[in-house]
Amino acid sequence: MTFLQSILFSILLLQLYFVNSNGNDEEFTEELLLKPLPDRKVFAHFHFDTKTPPSKTYGHHHRLFPKAIYQLVQKFRIREMELSFTQGRWNYERWGAFDPMSSSNAKPPGVELWAVFDVSSDQVDANWKNLTQTLSGLFCASINFLESSTAYSAPAWGFRTFSGKLRYGALPREAVCTENLTPWLKLLPCRDKAGLASILDRPSIYKGFYHSQRLRLRSNEFSLDVSAEEPGIVLEQTLTVVLQPQSQDTRSIYSDGRLLHPSWSISSIFGRAVTGRCVLANLSTIFVELESGLVSGLSNLSVDLEAGRLGAYDLGSEGSWSNQGFELSVKPDRVIKEVNSSQGKSFSILYEYSVDKFDDNEPFDLGFIWKLPVAWSCLHSPFHASRFLMGSGNQRGSIAISLRSTGSSGEGFINGGGIVGDVCKVRVDIFQVVPWYVKVYFHTLQVYVDGKPELLKDILEKMHVSPSEDRVSPGVMEMILKFPCSVKSASIVIDFDKGFLHIDEYPPDANQGFDIPSAVISFPDFEPSMNFLDENSSTKSPMLLKLQEKNPVISYTEILLVPLATPDFSMPYNVITITCTVFALYFGSLLNALRRRVGEEERFLKSKAVNQTRLLPRLLAKLRGKQQEPTQSSPSSSSSPLGPKLIIKIILVAGVAIGWHYYTE
């Protein structure tokens, strides 16, 4: 090492020392949220958060932040990005849609990707295509199919507002497997070898009813007014699963018909217990949530026991982890109670556990034991949204979006909705992308309220349409609708025609149909969040901060399967087969006639005949036990190379060739 290199190395070490001494270092936290669901299932949400300071103050070398993600940000100048892999569909009616976790982590089946770039408008499409290729190789998926202009769109304001630098794409048919989860886990500092990620047993996860892994990226690397205290890049990795615990209690059904929920533990639903935290994590915490509906059900539960009624018991007290309704096998480190709930008297409760004090010798295996049957329901969004096809045949049809009221009270609508001209209105935003071969006629849009047709000017406030172009771009529809708060049901219907594809544009399973991605239904006036006391909210837990964020309620509709007119794929096979057969016969006969030597063939036939005539004397000689003396055959006379048989064959092959030539002409 030269003297100049030594000086540069010393300067680098001093720079790293001062950066770390100022406390401006990378941070990594791991958290897990467990929650019982009303339909006897368990909701589990893993949240891994990695932060790194801006490169201007910290440099380009990182200790915890994954290098692959940092290179993505620097190479493609990403401002914000979200990628999700989902298997199954979120059940909005049973699992809820109004709490912060459900609204943020319920994703459509398949792959969903959207990104915002900090580049000029003419470079956005090029960066998007390069990003899809890179993510496809990074996560071992077919994300590169989104590079085609027919597979992605540029929302104006229906999805998110980013002034034309946003690109959105979805692959509804993408299968999710361990090949996608393994690269996702490799982005963690401890991977799945230690910490909360070590309990992610593949069979336990993929046999669940719902599984969604998400990667959210926020960056201010290219902002000019960023301060040194703000994180440069924030990487959120979340994994949301819904599992069914196995009931082992024979007393699950009571005499009055009530059904007891199955008890569960971490080892029973994941196959293993937590053996400690990741040594590189600043925070490792597990939360157990009792949502407001469950708390109300426990408070109203009355039993004939000596202790009296459970309604007089305070579930927010320190001893609420063991009561007459349920019991936690481990005493929580802290009980966090929601205050100033938007649901009035109902409130949620969080039990917090720190994983720092557990290790391999003493693993953490939290158990949730039910004692009495409890019935409750989750909080729902203002409307249940669903989408379906209408019509029959392979020529035309209609797409219908149905909005059904969840039965909420008028007070809930007034609190969430807006007052327009002394009339309560509920705002509904719809964002829908359709492929180019589904030719939508936007002028046929009709809106029905409670089964009656309504004028568009009375319901439709704003609309942006981007018609599709054949083999170039999909169709995009963005709408803002405002319905009266007293509405019970509403429907939006639009007609379309089915296009024709070239034979090489059909997928291998064309007879199954073609998928239309899920439509995004959002309610901007409703922003669910949870409020905690100041001493609880002052913690650095990203999970608690997420629960307190105000984000609009978002729902995804079903994926539509559109059957298109498909050709008879057996006909090309038949044509290829008969053509190859004719060519094989033609060229085989021609080569056989041109390359065979007639003289050798005649000598072979004569020798064969002579051998057949000598076969009987040889057999008689063997039977008599005498050796037959070989007779010297006379040399055969050479025949003419151009015999009549050869001339006939050549004429026949030439005739077939001339006939085939005229037939093809």
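The exercises below, each with a worked solution, concern a predicted model.

In this predicted model, local features need pLDDT of at least 70 and side-chain atom pairs count only at pLDDT 80 or more, while totals for chains, interfaces and linings use all residues. Residues are numbered from 1 along each chain as its sequence is written, and side-chain values use heavy atoms, with hydrogens and water left out.

**Exercise 1. Describe the largest pocket by its volume, its lining and the strands that supply the lining.**

Begin with the term: on a 1 Å grid over the protein atoms alone, a pocket is an open set of points where a 1.4 Å probe fits, with protein on both sides within 12 Å along at least five of seven lines, and lining residues have an atom within 4 Å of a point. The volume, which is the space filled by probe spheres set on the points, is about 910 Å³ for the largest pocket.

Next, take the lining, which has 29 residues, with Phe145, Ala151, Leu171, Tyr437 and Asp515 nearest the centre of the pocket. Sorted by class, the lining has 17 nonpolar, six polar and six charged residues, where Asp, Glu, Lys and Arg count as charged and Gly is among the polar residues.

Finally, assign the lining to strands, which are DSSP runs of E with at least two residues, numbered from the N terminus. Strand 5 (152–153), strand 6 (166–171), strand 18 (423–434) and strand 24 (514–516) each supply at least two lining residues, and the largest share, four residues, comes from strand 6.

**Exercise 2. Trace the sheet of eleven strands and place the helices that pack on it.**

Start with the order, which is 5-6-4-3-7-8-2-1-10-13-12 in an open sheet of mixed pairing, two strands being paired if DSSP finds at least two bridges between them. Strand 5 and strand 12 (334–337) stand at the edges with a single partner strand each, so one side of each is left without a neighbour in the sheet.

Then look at one pair: strand 4 (residues 110–117) and strand 6 are antiparallel over six bridges, and Glu112 stands opposite Ala170 in strand 6.

Now add helix 7 (residues 178–186), which packs on the sheet by touching strand 2 (42–52), strand 3 (78–87), strand 7 (210–219) and strand 8 (233–243), contact meaning heavy atoms within 4.5 Å. The direction of helix 7 makes about 40° with that of strand 7, on a scale from 0 to 180 degrees between N-to-C directions of axes fitted to C-alpha atoms. Within helix 7, Asn180, Leu181, Pro183, Trp184 and Leu185 are buried, that is, under 20% relative accessible area with a 1.4 Å probe and protein chains only.

**Exercise 3. Establish how strand 22 (residues 475–484) is enclosed and which strands pair with it.**

First consider burial: eight of the ten residues of strand 22 are buried, so this strand is largely enclosed by the rest of the structure.

Then identify partners: ten bridges join strand 18 to strand 22 in the antiparallel sense, with Lys425 having Pro484 as its bridge partner. Strand 21 (residues 460–466) also pairs antiparallel with strand 22, over six bridges, and Leu460 stands opposite Leu481 there.

**Exercise 4. Locate Asn340 and decide whether it is buried or exposed.**

Asn340 lies in the loop between strand 12 and strand 13. With a relative accessible area of 68%, Asn340 is exposed, the cut-off for that class being over 50%. Asn340 and Phe532 are 192 residues apart in sequence, and their C-alpha atoms are 8.2 Å apart in space.
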